[in-house]
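Trainee: I am new to this structure and would like to learn how to read its features one by one. Could we go through them together?

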Amino acid sequence: MKHQDIIEKMTIEEKAAFLQGKGEWQTWDFERLGIPSIFCSDGPHGIRKQAGAGDHLGLNASLPATCFPTAATIANSWDTELGETLGQTLGEEAMAEGVNVLLGPGLNIKRSPLCGRNFEYFSEDPYLAGKMAASYVKGIQSKGVYACPKHFAVNSQELRRMAMNSVVDERTLREIYLTGFEIAVKEGKAKTIMSAYNEVNGIYANENKHLLTDILRNEWGFDGIVITDWGASNDHALGVAAGSNLEMPNPGLDSARELIAAVESGKIKIEDVDERVDELLDVVLRLSDNAKGKKDEFDIPAHHAVARRAAAESTVLLKNEDGILPLKPGAKVAVIGDFAFVPRYQGAGSSMVNPTKVETISEIIGNYDVQVIGSSRGYSRNGDEDAVTKKEALDIAARADFVLYFFGLNEDSESEGMDRNHMRIPQNQITLMQELGQVNPNIIGVISAGSAIEMPWHHYLKAMLHCYLNGQAGAGAVMDILTGSVNPSGKLSETLPRRYEDTPAYRYYPSQQRTSEYRESIYVGYRYYDTAEIPVLYPFGFGLSYTKFEYSDLAVTDKGVSFTLKNIGDRDGAEVSQLYVGLPGAKVFRPVKELKGFAKTFLKAGESKKVEIAFDDKTFRYFNVKTNKWEIEGGSYCIMIGASSADIRLKGEASKAETTAEIPYVKESFKAYYSGKIQTVSDDEFERLLGRSIPDGKWDGSLGKNDALCQMYYAKSGLARLIYKILTNKKKKADESGKPDLNILFIYNMPFRAMAKMSGGMVSMAMVDGIIRLVNGHFFGGLGSIIGGFFGNSSKNKAYEAKIKGGNK
Ligand code: BGC
């Protein structure tokens, strides 16, 4: 152990308290031992340091910070250098604001377009997500602040996020849901990691030894600390034994007492506690040291400029009929759409940043060489029809040569804490788009949306720029692209399907009961669409430029590929080239192609360059559940270089020898998986894939500490059912008002145990047990336990506090 000297001096009470948060964001400090406290803050695309009242939902104010584009946006840049630059600026701001651990990036896989937090995540592809996350981590950590990739792992659903069990086979777990984290840890050298709320195969992520010790620490060599998501700890003692260090945010000393009791009863070993304390000490001491003599300021304009460059590099040009873009100097434009006045540039929840400033199109368009005929909000954000504003918009549009139409997903459509229930944008925006098309054929759509949307209306638009959620400087970036001073180079980091029903997890998402069955297995995103031959609207990796690129001269060696890329247009520009690998006729089922590398190359008009993409340990591997190892199937692999997953420009071959003769699947028994048609996998086939029976996730009517409050619907107690009704009504009202109430959403989806784990010591687990008895119909017994628990808890808390302040042995 590195800090044996300190650990020897610590009492068990100090050790147990040290392994939990003190307040919403800090760790415990112990003056007598020289242990300082460290500070954690969200979030992935800007610092949310709360100087006053803290909360993990983005409700209370935070200090001003640069709001960069969200991860879903930046992933479209496919630019790891940009990721590193963003990481550096985030790290600088964190340091200036006294933040030691930055709670991001978020890199959960976009299993379904409906996940409410997709705007915070990079991609449907683990390789791209991992590379982008690693670049952020490197940048952040280069400034002496630790990054905290999250949420580890298989956390792709918001509904009852703290009370659901992701049921996934080991191969899918490894290839799809863990590979990104593996890259963030091995290549990014992340020093902290956040364990997810959910269970993975029946064991809470934070207590999951397979994840936290076998894979994270032993296989990947992670030598930092695991921090629970806020309220994600179920049994901290089991967490500590499994490899988790810090229980956040503020579970109170009841949890510390439970940890001590677990050691005393032999449930866990003191050696596990000491190891977790040692790892945490190492991080706390290092981070405090890093912050000595820190600067208290950062360069606000320079960081705004980085945000603008990032937004520009990440914008995807989806369509550009007749070369309508870029606009010619002096073009007569109409500016239509509420988003041009009130931009949607970030998402709701714990990642919400208080920006240093926000640019809007309506304010800055005057700085560009275009003639604005007029501007109108056109539609109202709450979905209501507004005939007067609509008429105003149509009149202006009729007089302009081009209509710049700003639209997308409203604030209430996507948020932490809830999943969407469809992929549509509001109908009033579509209606206006159609009517604009009748008065002016030259409509240029500028979309803001943090996740994939259906676009059955795309033919109304001549050009489409997809900006995702592009941060506080997004408006400038959009204008730069529209007017041509920046040539777009973003490409989609997720597929835009034609309709929601086409998506692979359509029948399985979100789970209605306690278990979420990942029946689609490895067929997520383009892996599914390509293999099952489902047509999509815009494929993964797609994006246009104002110039054109030509690919030639592919050479494949043992080490990787090289090819020549030429800019054959008359504008400078950058191209994202993608390396995909497939194995035709594979004995082990696999998608027809998988992303295994990419490069972004800038070329002047007419210039050509040799591009090289190296193979790595992930290029040919698959996870073999029979040998329980990564293996390589022997054969002649198809090496594809594409401008998108659907636009393969060059093909070659690479031969590989097999590493095992053990084939984990019998083809005849895995028909869905061998065909890729996985939308209706039978119970039998899924069980064969899992290698065990499908767990029963149904509620039986009696509620436990890990059931969500919204399950009080099943409660025996009339009082509990009444509380359920009140909560549901409040949630409904908030939903209807167009602004999700994050507090209500959180409470609705949180399990009973969180009342103890997140109340800073006011509620103990004994009290929670009383509440559950009450909910299950034992009113008086339950009430007795609550009252008794309350008094017992406060006196025990006082005694504990006295011990740690005095440092008694
Ligand atoms: C979110 C995390 C976040 C934490 C602290 C949780 O609700 O899931 O992503 O870092 O709160 O705000």
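Trainee: Which polar side-chain atom lies 3.0 Å from an oxygen atom of the ligand?

Mentor: In this predicted model, that atom belongs to Lys150, whose polar side-chain atom is 3.0 Å away from a ligand oxygen. Arg117 also offers a polar side-chain atom, 2.7 Å from an oxygen atom of the ligand, and Arg48 has one that lies 3.3 Å from a ligand oxygen. As for the surroundings as a whole, the ligand on its own has 310 Å² of accessible area, and the protein covers 100% of it.

Trainee: Which residues come nearest to the ligand, and how do the residues of the shell divide?

Mentor: There are 15 residues around the ligand, and those that come nearest are Asp42, Arg117, His151, Tyr197 and Asp229. Sorted by character, the shell holds seven charged residues, five nonpolar and three polar.

Trainee: Let us turn to a single residue: is Ser562 buried or exposed?

Mentor: A residue counts as buried when its relative accessible area is under 20%, and because Ser562 has a relative accessibility of 11%, it is classed as buried. Ser562 belongs to strand β21, which spans residues 560-567. As a general idea, the side chains of a regular strand alternate between the two faces of the sheet. Setting aside neighbours within four places in sequence, the contacts of Ser562 are Asp553, Leu554 and Ala555, together with Lys610, Val611 and Glu612.

Trainee: How should I read a pair of strands, and how many bridges join β27 to β28?

Mentor: For a pair of strands, one looks at the bridges, the direction and the connection. Strands β27 (residues 635-644) and β28 (residues 647-656) run antiparallel and are joined by nine bridges. Within this pair, Gly635 is opposite Lys656 of β28, and the link from β27 to β28 is a hairpin of two residues.

Trainee: Why is helix α20 described as largely enclosed by the rest of the structure?

Mentor: Here one considers how many residues of the helix are buried: helix α20 covers residues 742-749, and six of its eight residues are buried, so the rest of the structure largely encloses it. The buried residues are Leu742, Ile744, Leu745, Phe746, Tyr748 and Asn749, and what covers them includes α19, residues 718-737.

Trainee: What is found at the start of α20?

Mentor: At that point, a side-chain oxygen of Asp741 comes within 3.0 Å of the backbone nitrogen of Asn743.

Technical notes. Residues are numbered from 1 along each chain as its sequence is written. This is a predicted model: local features need pLDDT of at least 70, side-chain atom pairs count only at pLDDT 80 or more; totals for chains, interfaces and linings use all residues. Side-chain values use heavy atoms; hydrogens and water are left out. Buried means under 20% relative accessible area, exposed over 50%, partly exposed in between (1.4 Å probe, protein chains only). Helices (H or I, at least four residues) and strands (E, at least two) are DSSP runs, numbered from the N terminus. Contact means heavy atoms within 4.5 Å. A polar contact is a pair of N or O atoms within 3.5 Å; within protein, one must be able to donate a hydrogen and the other to accept it, and residues adjacent in sequence count only if both atoms are side-chain atoms. Two strands pair if DSSP finds at least two bridges between them. A residue is near a molecule or strand if one of its heavy atoms lies within 4 Å of it. Accessible areas come from the Shrake-Rupley method with a 1.4 Å probe; for residues, only the protein chains shown count as cover. Ala, Val, Leu, Ile, Met, Phe, Trp, Tyr, Cys and Pro count as nonpolar, Asp, Glu, Lys and Arg as charged, and the others, Gly among them, as polar.
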